Amino acid sequence: MSLEHWLLVTQFNWDKVLQPNNWLTALFCVLLFLFTLLLVTFRRKMLLLFHALFSQRHFSLVQRDGKVLETRGSILLLLFDLLTLTAGLVMFCTTYLPSPMSKLPFVAYLGIGFVVLLSAYVLKLLANELYSVLFGRDKERAAVNQYKFIVMTDFSVLAFPMLLLVQYAGFRFLYYVLFAVLLVLLVIWLYRLMKINSMSGHGFHFFLYFCTLEILPWTLLFKVLLIV
């Protein structure tokens, strides 16, 4: 064996090789199946939801068709959203917080992430129900819940192909793209919330709602993660 060949072998860097993750691959297969099923069966509804955040006309069509979560397709779409967000959250934490994420098996973090996101979503809906009962904001509650679902769906649909590229092509810079996309969607969502509130004329109620139900829960969650 030549000296040149020996140096090439010993200098091989295994850290730069993409390591397979069977659980994440299985999750992506499930997501691909769900996404294909949604496109084939509920393509019109998905397109309507995707445009509703940016167009008041499309959002009016969503409201005219009824509540977002009344159909079977919306349940599948919610499952797709939560699983995509779970994959992205666990992938990001595994990449940039490797030490805390090494205490449990990878599949355990997928399960924990899904349960946490599902619980947060359900608790948000319950909190909005309480807010509407206390302040008589039933009409606004429905619009707020719909906008939340739309933002989550838009982000998940955009994030899915980017997460595939991050995992299997190593394009970690796409995390920054995802953060930028999320920021833009949140700004648009906040604008829509303020517009809904301005039509009802209850600025103080909206301030209480936003600080208590939108900012405080995520602040507490972030504080718990820092402690852990």
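The exercises below work through a predicted model of a single chain, each with a solution that goes step by step.

**Exercise 1. Overall make-up**

Determine how many helices and strands the chain has, and what share of its residues count as buried.

*Solution.* Begin with the secondary structure, which comes to 9 helices and 0 strands; read along the sequence, this gives the pattern α-α-α-α-α-α-α-α-α. Next take the burial of the 228 residues, of which 37% count as buried. Then turn to the outside of the chain, where the accessible surface comes to about 14,100 Å², with 73% of that area belonging to carbon and sulfur atoms. Finally, look at how the contacts are spread along the sequence: among contacts with a separation of 6 or more, 75% are between residues 24 or more positions apart.

**Exercise 2. Confidence along the chain**

Find which helix has the lowest confidence and which has the highest, and decide where the coordinates call for caution.

*Solution.* The average pLDDT of the chain is 79, and 73% of the residues score at least 70. Going from the average to the individual elements, helix 1 (residues 3-10) has the lowest confidence, at a mean of 48, whereas helix 2 (residues 22-41) has the highest, at 92. Over residues 1-9 the pLDDT stays under 50, and the model has 1 contact beyond four places in sequence for this stretch. As a general rule, predicted coordinates should not be read in detail where pLDDT is low.

**Exercise 3. The two sides of helix 3**

Identify the buried residues of helix 3 and explain why they can be said to line one face of the helix.

*Solution.* The first step is to list the buried residues of helix 3 (residues 43-52), which are Met46, Leu48, Leu49 and Ala52. The second step is to look down the axis of the helix, where these buried residues fall within an arc of 160 degrees, so they line one face of helix 3. The third step is to check the other side of the helix, where Arg43 and Arg44 are exposed.

Two further residues of helix 3 can be placed in the same way. Phe50 lies in helix 3 and has a relative accessible area of 28%; because buried means under 20% and exposed means over 50%, Phe50 is partly exposed. His51, which is also found in helix 3, is partly exposed as well, with a relative accessible area of 36%.

**Exercise 4. From helix 3 to distant parts of the sequence**

Work out which residues Phe50 contacts, leaving aside neighbours within four places in sequence, and how far His51 is from Asp154 in space.

*Solution.* With those neighbours left aside, Phe50 is in contact with Asp154 and Leu158. The C-alpha atoms of Phe50 and Val157 are 8.7 Å apart, although the two residues are 107 residues apart in sequence. For His51, the C-alpha distance to Asp154 is 8.6 Å, across 103 residues of chain. Leu158, one of the contacts of Phe50, also serves as a reference point for Leu182, since their C-alpha atoms are separated by 9.8 Å while the residues are 24 apart along the chain. Leu182 itself is in helix 8 and counts as partly exposed, at 29% relative accessibility.

**Exercise 5. Two positions in helix 7**

Establish whether Ser156 is buried or exposed, and then do likewise for Tyr168.

*Solution.* Ser156 is found in helix 7, and because its relative accessibility is 0%, Ser156 counts as buried. Apart from residues up to four places away in sequence, Ser156 touches Phe80, Asp81, Thr84 and Leu85. Tyr168 is likewise in helix 7, but Tyr168 is partly exposed, with a relative accessible area of 41%. The C-alpha atoms of Tyr168 and Thr25 are 9.6 Å apart, with the two positions 143 residues apart in sequence terms.

**Exercise 6. A nonpolar surface patch**

Name the residues that form the nonpolar patch on the surface, and locate Phe171 within the chain.

*Solution.* The patch is formed by Tyr96, Leu97, Leu165, Phe171, Phe173, Tyr176 and Val177, which together have about 680 Å² of accessible area. Phe171, one of these residues, is in the loop between helix 7 (138-169) and helix 8 (174-200). With a relative accessible area of 37%, Phe171 is partly exposed.

How values were computed:
Residues are numbered from 1 along each chain as its sequence is written. This is a predicted model: local features need pLDDT of at least 70, side-chain atom pairs count only at pLDDT 80 or more; totals for chains, interfaces and linings use all residues. Side-chain values use heavy atoms; hydrogens and water are left out. Buried means under 20% relative accessible area, exposed over 50%, partly exposed in between (1.4 Å probe, protein chains only). Helices (H or I, at least four residues) and strands (E, at least two) are DSSP runs, numbered from the N terminus. The arc is that of the directions from the helix axis to the C-beta atoms. Patches are made of residues with over 30% relative accessible area and no salt bridge: like charges are joined within 9 Å, nonpolar side chains (Val, Leu, Ile, Met, Phe, Trp, Tyr) within 5 Å. Accessible areas come from the Shrake-Rupley method with a 1.4 Å probe; for residues, only the protein chains shown count as cover. A salt bridge is a side-chain nitrogen of Lys or Arg within 4 Å of a carboxyl oxygen of Asp or Glu. Contact means heavy atoms within 4.5 Å. pLDDT is the predictor's confidence in each residue, from 0 to 100.
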